[in-house]
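Me: I'd like to learn how to read a structure like this one, feature by feature. Can we go through it together?
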Amino acid sequence: MKILVTGGLGFIGSNFIRHLLSRRKQASVVNLDALTYAGNPANLADLQDDPRYRWVKGDIADPKAVEAAMAGAEAVVHFAAETHVDRSILDASRFLRTNIVGSQVLFDAALRHEIGRFIHVSTDEVYGSVPKGFSKEGDRLEPNSPYAASKAASDLLARSYFVTHKLPVIVTRASNNFGPYQYPEKALPLMITNWMDGEPFPLYGDGLQVRDWLYVVDHARAIDLLIDKGQPGEIYNIGGTFHCNNRRIIEETRRLMGVSEGLVKPVADRPGHDRRYALDCRKLKALGFKHEYAFRQALAATVDWYRAHQSWWRPLKKRGGYKSYYSRQYGGRLAAKP
Ligand code: NAD
Ligand code: DAU
């Protein structure tokens, strides 16, 4: 099977391609990736001599680039996106272009190429903050950040291409991923790498925001399963194995790394910060999906990976400074005393 993957030089895309090619010996992958700040050819350096893998540099919003990359593909797995909530608060324009227009260009090309299966990778953030209970696939969408709104728009576009054009598209909505090759502006890699250098982690607001942590390889396994077993026109939630607030994640990581409590710096909250995400994943599990990685084992493997791959993340952090993108932009404001 020849598969077009978009955004395969990013965090989840690169982990997915590695998993797919190790599991499906007959598969080949064309990876269409524009190499934005979040993309990195080093993420797939181990595959550069594999004849089943090819990276094509190109923008998903460019119809010519998409047309050429999709030639001969039987399936598409679409990861490419602008993904960092804080960046979308500071400037939403790239989010709308890539996440919405880019998806539309891919859907149109997929119709012309009679693609048999299109996996549109989305996020639990489209449901907005869920005070209690668990989001089901049919729940209303209430995105709160420009990033989440752009993903929700693309999910609705995917639905419309299924209803109107019969595009065999499947939408997946995953929770917070963690693991190797995650760009060190996201919470967990920022925390791990700051602490390795004795620098504090900037904690937004009161730190009681709840997330559902999914090991990236389990996410890749779920998508792989949906290529075979997912139903066109359907949406599947993909949740993790550890549902907790940010203070707890800090505590788990701190204990694992042997770091002192002082290395957390409260800073002003993210505007529009979603309080809680929670997914009901019974639909995915009914297809036979089971997580393979327990949270603590996966977190320990992730910490080990960042310890062993300093030549991967140090240049990225040097480019961006040690503080998070958001707190750099806002001068690292300290949170008001409660
Ligand atoms: P990432 O930011 O690490 O990587 C994005 C990749 O897309 C990069 O390689 C980048 O170069 C590429 N890209 C960006 N704009 C492009 C364009 N216009 N044309 C071609 N390539 C482009 O992203 P990630 O965290 O791996 O997320 C991948 C997908 O999974 C996204 O669609 C995201 O919304 C979704 N998702 C992410 C998470 C998470 O926790 N990271 C959770 C749920 C869903
Ligand atoms: O839920 C899925 C989403 O998870 C994906 O769709 C997004 O692409 C991905 O970036 C992620 O979004 P979050 O905003 O949840 O992840 P982030 O790593 O930015 O933040 C996780 C939590 O930690 C969140 O409550 C904000 C908080 N945080 C984050 C950073 C970067 C801090 O307290 N301090 C920080 O410096």
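Me: Let's start with accessibility: is Glu114 buried or exposed?

Reply: One thing to keep in mind throughout is that this is a predicted model. For accessibility, you look at the relative accessible area: under 20% is buried and over 50% is exposed. Glu114 has a relative accessible area of 69%, so it is exposed. It sits in the loop between helix 4 (93-112) and strand 5.

Me: And what is the sign of phi for Glu114?

Reply: The general idea goes like this: most residues other than glycine have a negative phi. Glu114 has a positive phi, near 50°. Leu35 is another case, with a positive phi near 60°. Leu35 belongs to the loop between strand 2 (28-33) and strand 3 (53-57), and with a relative accessible area of 30% it is partly exposed.

Me: Which residue with a positive phi follows helix 6?

Reply: That's Gly198, with phi near 70°. It is a glycine, whereas Leu35 is a residue other than glycine.

Me: Since we're at helix 6, how many of its residues are buried?

Reply: For a helix, you go through its residues and see which ones fall under the 20% cut-off. Helix 6 spans residues 187-196, and eight of its 10 residues are buried, so the helix is mostly covered. Among them are Leu188, Leu190, Met191, Ile192 and Trp195, along with Thr193 and Asn194. Pro189 is also in helix 6, and at 1% relative accessibility it counts as buried. If you want a spatial check on Pro189, its C-alpha is 8.4 Å from that of Gly179, at a separation of 10 residues in sequence.

Me: Now a polar side chain: which side chain does Asp86 make a polar contact with?

Reply: For a charged residue, check the cover and then look for a polar partner. Asp86 lies in helix 3 (residues 85-90) and is buried, with a relative accessible area of 1%. Its side chain makes a polar contact with the side chain of Tyr204, at 2.7 Å.

Me: How many disulfides does the structure hold?

Reply: As a reminder, a disulfide is a covalent bond between the sulfur atoms of two cysteines. To find one, you look for a pair of cysteine sulfur atoms within 2.5 Å. This structure holds zero disulfides. Cys244 is in none, and the nearest cysteine sulfur, that of Cys281, is 15 Å away. Going the other way, Cys281 is in no disulfide either, with the sulfur of Cys244 as its nearest at 15 Å. Cys244 is buried, at 6% relative accessible area, and Cys281 counts as buried too, at 12%.

Me: On to the ligands. Which residues come closest to ligand 1?

Reply: Start with the shell, then pick out the polar atom pairs. Ligand 1 is surrounded by 29 residues, and the closest are Ile12, Asp33, Thr83, Tyr147 and Lys151. By class, that shell has 13 nonpolar, 12 polar and four charged residues. Strand 5 supplies the largest share, three residues. Helix 1 (11-23), strand 5 (117-123) and helix 5 (146-165) each supply at least two.

Me: Which backbone atoms lie by the polar atoms of ligand 1?

Reply: A polar backbone atom of Gly10 is 2.9 Å from an oxygen atom of ligand 1. For Ile60, a polar backbone atom is 3.0 Å from a nitrogen atom of the ligand. Asn177 has a polar backbone atom 2.9 Å from an oxygen atom of ligand 1. As for cover, ligand 1 taken alone exposes 840 Å², and the protein buries 96% of that.

Me: Where does ligand 2 lie with respect to domain 1 and domain 2?

Reply: Here you ask which domains give residues to the shell. Domain 1 (2-177 + 214-238) and domain 2 (180-211 + 241-272 + 295-328) both do, so ligand 2 lies between them. Its shell has 24 residues, with Thr123, Asp124, Tyr147, Pro202 and Arg270 nearest. They divide into nine nonpolar, nine polar and six charged residues, and strand 8 gives the largest share, four residues.

Me: Which side chain has a polar atom 2.9 Å from an oxygen atom of ligand 2?

Reply: That one is Arg211. On the backbone side, an N or O atom of Thr83 lies 2.8 Å from an oxygen atom of ligand 2, and one of Pro202 lies 2.7 Å from a nitrogen atom of the ligand. Taken alone, ligand 2 exposes 680 Å², of which the protein buries 94%.

Technical notes:
Residues numbered from 1 in each chain as written. Chains lettered and ligands numbered in written order. Predicted model: local features only at pLDDT ≥ 70, side-chain atom pairs only at ≥ 80, totals over all residues. Heavy atoms only, no water. Near = heavy atom within 4 Å. Polar contact = N/O pair within 3.5 Å; in protein donor to acceptor, adjacent residues only side chain to side chain. Areas by Shrake-Rupley, 256 points an atom, 1.4 Å probe, with all protein chains shown as cover. Nonpolar A, V, L, I, M, F, W, Y, C, P; charged D, E, K, R; others polar. Buried < 20%, exposed > 50% of the residue type's maximum accessible area, 1.4 Å probe, protein only. Domains from an automatic or database assignment.
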